[in-house]
Amino acid sequence: KTLAYSRSGHYMKQFPSHLPGGCWKRKFTMHDYCILDCLYHEGLQTFFVMDIMCWGGHPVYDSDTEFRFYWLNAKLSEVGDEVLIQAKTNPYKFVPLQYYCCNKDSLQGVLSSKYPIEVDGLIFFHKQAHYFRGRSPLVLWLKPHMVSEILSISVSQAFLDCAPVLSDVKMETEKGKGVRKTTENMETEKVISDNDLESTEVDNDMVES
């Protein structure tokens, strides 16, 4: 079975999948399981796989970012297209996120391209960082329109047009008038699957099987 939990650790759903230990029809041993860090898109019924903590019962929390990303793509490739296709035994797709080099030319190319779905943001990882649950100074999330302002890198006008309009709200106080600006927050998820696990951990959207 496969279990999904929110970033705060709340149980979300249970379902079969073609991840290790994610479905009784798959030939895995009782010790085969995986823990993935994902972003869930309800409309597409898809878990976009962002990071990996464990695969086949082997934890990689203490491995650096570059190795984890290599290991994640290698292991998903071994499973094959079965995790990319919705089926009775795999009702949600598991799609690895695209990774790019963090330099000006690469980022400009990424943010000048058109995508079939809405791009919600970019995540920056320190190459040598280990996996860390919770907030970390070695991982940064930026909305596409923020890249232009913070990193001075040009982005597509389409991303700039999607920037939220900050509304100035005047507040009367005893000392005079003040200004409060509204912002928006983002929620992510993690998923997990396992043959025999009765309880599992999840971050962002965590999937465990």
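**A walk through the model, from a buried cysteine outward**

At 0% relative accessibility, cysteine 38 counts as buried. Let us use this residue as the way into the structure, which is a predicted model. Does the sulfur of cysteine 38 lie within reach of another cysteine sulfur, or too far for a bond? The closest one belongs to cysteine 34, and at 8.5 Å the separation is too far for a bond, because a disulfide needs the two sulfur atoms within 2.5 Å.

Cysteine 102 makes a nice contrast in its surroundings: here the residue is exposed, with a relative accessible area of 58%. Its sulfur has the sulfur of cysteine 101 as its closest cysteine partner, 8.9 Å away, and that too is too far for a bond. Searching the whole structure gives the matching result, with 0 disulfides found.

Now step back to see the whole protein. Its secondary structure consists of 4 helices and 12 strands. Of its 209 residues, 38% count as buried. If you take the contacts between residues at least 6 apart in sequence, 55% of them join residues at least 24 apart. On the outside, the protein exposes about 12700 Å², with carbon and sulfur atoms supplying 53% of that area.

What about the inside? In soluble globular proteins, nonpolar side chains tend to be buried together. In this model the largest nonpolar core has 19 residues, and the members that touch the most others are Leu19, Leu36, Phe47, Val49, Trp55 and Phe94. Strand 3 (33-41), strand 4 (46-55) and helix 1 (65-79) are the elements that each give two or more residues to this core. Apart from it there is another core, made of 9 residues, including Leu107, Leu111, Leu122 and Phe124.

Two loops deserve a look at the backbone. Follow the chain from strand 3 towards strand 4 and, in the loop between them, you meet glutamine 45. Although glutamine 45 is not a glycine, its phi is positive, at about 50°. This residue is partly exposed, with a relative accessible area of 25%.

Further along, the loop between helix 3 (144-151) and helix 4 (157-161) holds serine 152. Here again a residue other than glycine takes a positive phi, in this case near 55°. Is serine 152 buried or exposed? Its relative accessible area is 57%, so serine 152 is exposed.

Key
Residues numbered from 1 in each chain as written. Predicted model: local features only at pLDDT ≥ 70, side-chain atom pairs only at ≥ 80, totals over all residues. Heavy atoms only, no water. Buried < 20%, exposed > 50% of the residue type's maximum accessible area, 1.4 Å probe, protein only. Contact = heavy atoms within 4.5 Å. Areas by Shrake-Rupley, 256 points an atom, 1.4 Å probe, with all protein chains shown as cover. Core = buried A, V, L, I, M, F, W, Y, C linked by side-chain atoms within 4.5 Å.
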